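Welcome! Here is a short briefing to help you find your way around a new structure. Take a look at it first, and then we will walk through it topic by topic.

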Amino acid sequence: MINVLINGFYGKMGQVLANEVKQDNDMNLIAGVDKNAISTHSDSKVYNYISDCNDAIDVIIDFSHPDSLSDLLKYATEKNIALVIGTTGLTSNDMDKIKMAAEKIPIFYSANMSLGINVLVSILKNITPVLEDTFDMEIVEKHHNKKIDAPSGTAYMLAEAINSTLEDKKDYVFDRHVKKEARDKNEIGIHSIRGGTIVGEHTVIFAGCDEVIEIKHSASSKKIFAQGAIKAAKFIYNKESGFYNMEDLMKM
């Protein structure tokens, strides 16, 4: 059994993840961490601060807020606990901190834990070099009206998958209304829509002369992210220190 702690326990993703972990025969939900632990009741042990936890933990799964990252990394490295990070809205400085911590412990990070999205990333890396000369590339992402960060971490992930095959020569353009000029060839447009209860939808558009290719991924439930995080936890359990992602998992 893999002993799991969930950071961000009372968040929407944290609650979905807790239910999925409880139903998994290989996982044991030991505790959660959430700043609202005192005011909310649960049948699980929940701490206000991760530093309060002295339980035996094998893997921490984090779906919380970027503000908790420093405490999370400090705790995990001091206790030598593997870490799965699914929190979005992280900065380049945050990623540097994660990679430094990964020199001491195994850390699995993905801006999107969906296996389907990561298959899409693989497809983009394969087709972009073929289409790049004659097709313009745009990304449209849609999420619920409670999502704070925009564009989504997944939109960035898709853009970076495209750009990584092109020597990072593409520029990201987020707000076309300020540009009174024709589209530049070396652009990737990234557009955000927020409304209702949309779980997550990402469309990559390749627009050429007289033809358009659209590749779309839609999430109908947060369960797909929880299930992906559980796969990541099983993958990283007992791994050596290092920085891991969905590409490593999919090579299994």
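Let us start with a single residue: at 27% relative accessibility, arginine 183 counts as partly exposed. This is a predicted model, so please read every value below as computed from that model. From arginine 183 we move to its salt-bridge partner, then to the other charged pairs, the domains, the cores and the surface.

**Charged pairs**

- Arginine 183 forms a salt bridge with aspartate 136, and their closest N and O atoms are 3.2 Å apart.
- Aspartate 136 sits in strand S7 (residues 136-143), while arginine 183 is in the loop between strand S8 (171-173) and strand S9 (187-194), so the pair ties together parts that are 47 residues apart in sequence.
- Aspartate 136 is partly exposed too, because its relative accessibility is 31%, and the partly exposed class runs from 20% to 50%.
- A second pair joins arginine 176 and glutamate 138, with 2.6 Å between the closest N and O atoms.
- Here arginine 176 lies in the loop between S8 and S9 and glutamate 138 lies in strand S7, so this salt bridge ties together parts that are 38 residues apart in sequence.
- Is each partner in this pair buried or partly exposed? Arginine 176 is partly exposed at 28% relative accessibility, whereas glutamate 138 is buried, with a relative accessible area of 15%.
- Lysine 142 and glutamate 201 make another salt bridge, their closest N and O atoms being 3.2 Å apart.
- This pair links distant parts of the chain, with lysine 142 in strand S7 and glutamate 201 in strand S10 (residues 200-208), 59 residues apart.
- Lysine 142 is partly exposed, with a relative accessible area of 28%, and glutamate 201 counts as buried at 15%.
- Salt bridges that share partners join Asp136, Glu138, Arg176, Arg183 and Glu187 into one network.
- The count for the model comes to 15 salt bridges.

**Two domains**

- The chain is divided into domain 1 (2-113 + 222-251) and domain 2 (115-219).
- How far apart do the C-alpha centres of domain 1 and domain 2 lie? The distance between these centres is 28 Å.
- The contact takes 15 residues from domain 1 and 15 residues from domain 2.

**Nonpolar cores**

- As background, nonpolar side chains tend to be buried together in soluble globular proteins.
- The largest nonpolar core has 45 residues, and Ile60, Leu83 and Ile107 are the ones that touch the most other members.
- Helix H5 (residues 153-164) gives this core its largest share, six residues.
- Domain 1 and domain 2 each supply at least three residues to this core.
- Which residues does isoleucine 107 touch, not counting those up to four places away in sequence? Among them are Leu73, Leu83, Ile85, Ile98, Phe243 and Tyr244.
- There is also a second, separate core of 33 residues, which includes Val84, Ile230, Phe235 and Ile236.

**Two residues to look up**

- Asparagine 3 is placed in strand S1 (residues 2-7).
- Asparagine 3 counts as buried because its relative accessible area is 17%, and buried means under 20%.
- Leaving aside neighbours within four places in sequence, asparagine 3 is in contact with Asn28, Ile30, Ala56, Ile57, Asp58 and Val59.
- Lysine 99 belongs to helix H3 (residues 92-101), and at 44% relative accessibility lysine 99 is partly exposed.
- Lysine 99 and glycine 242 are 143 residues apart in sequence, but their C-alpha atoms are 7.9 Å apart in space.

**A nonpolar patch on the surface**

- Leu115, Val119, Ile123 and Met250 make a nonpolar surface patch of about 280 Å².
- Helix H4 (residues 115-131) provides the largest share of the patch, three residues.
- Isoleucine 123 is in helix H4, and isoleucine 123 is partly exposed, with a relative accessible area of 35%.

Key. Residues are numbered from 1 along each chain as its sequence is written. This is a predicted model: local features need pLDDT of at least 70, side-chain atom pairs count only at pLDDT 80 or more; totals for chains, interfaces and linings use all residues. Side-chain values use heavy atoms; hydrogens and water are left out. Helices (H or I, at least four residues) and strands (E, at least two) are DSSP runs, numbered from the N terminus. Buried means under 20% relative accessible area, exposed over 50%, partly exposed in between (1.4 Å probe, protein chains only). Contact means heavy atoms within 4.5 Å. A nonpolar core is a set of buried Ala, Val, Leu, Ile, Met, Phe, Trp, Tyr and Cys residues joined through side-chain atoms within 4.5 Å. Domain bounds come from an automatic or database domain assignment. Patches are made of residues with over 30% relative accessible area and no salt bridge: like charges are joined within 9 Å, nonpolar side chains (Val, Leu, Ile, Met, Phe, Trp, Tyr) within 5 Å. Accessible areas come from the Shrake-Rupley method with a 1.4 Å probe; for residues, only the protein chains shown count as cover. A salt bridge is a side-chain nitrogen of Lys or Arg within 4 Å of a carboxyl oxygen of Asp or Glu.
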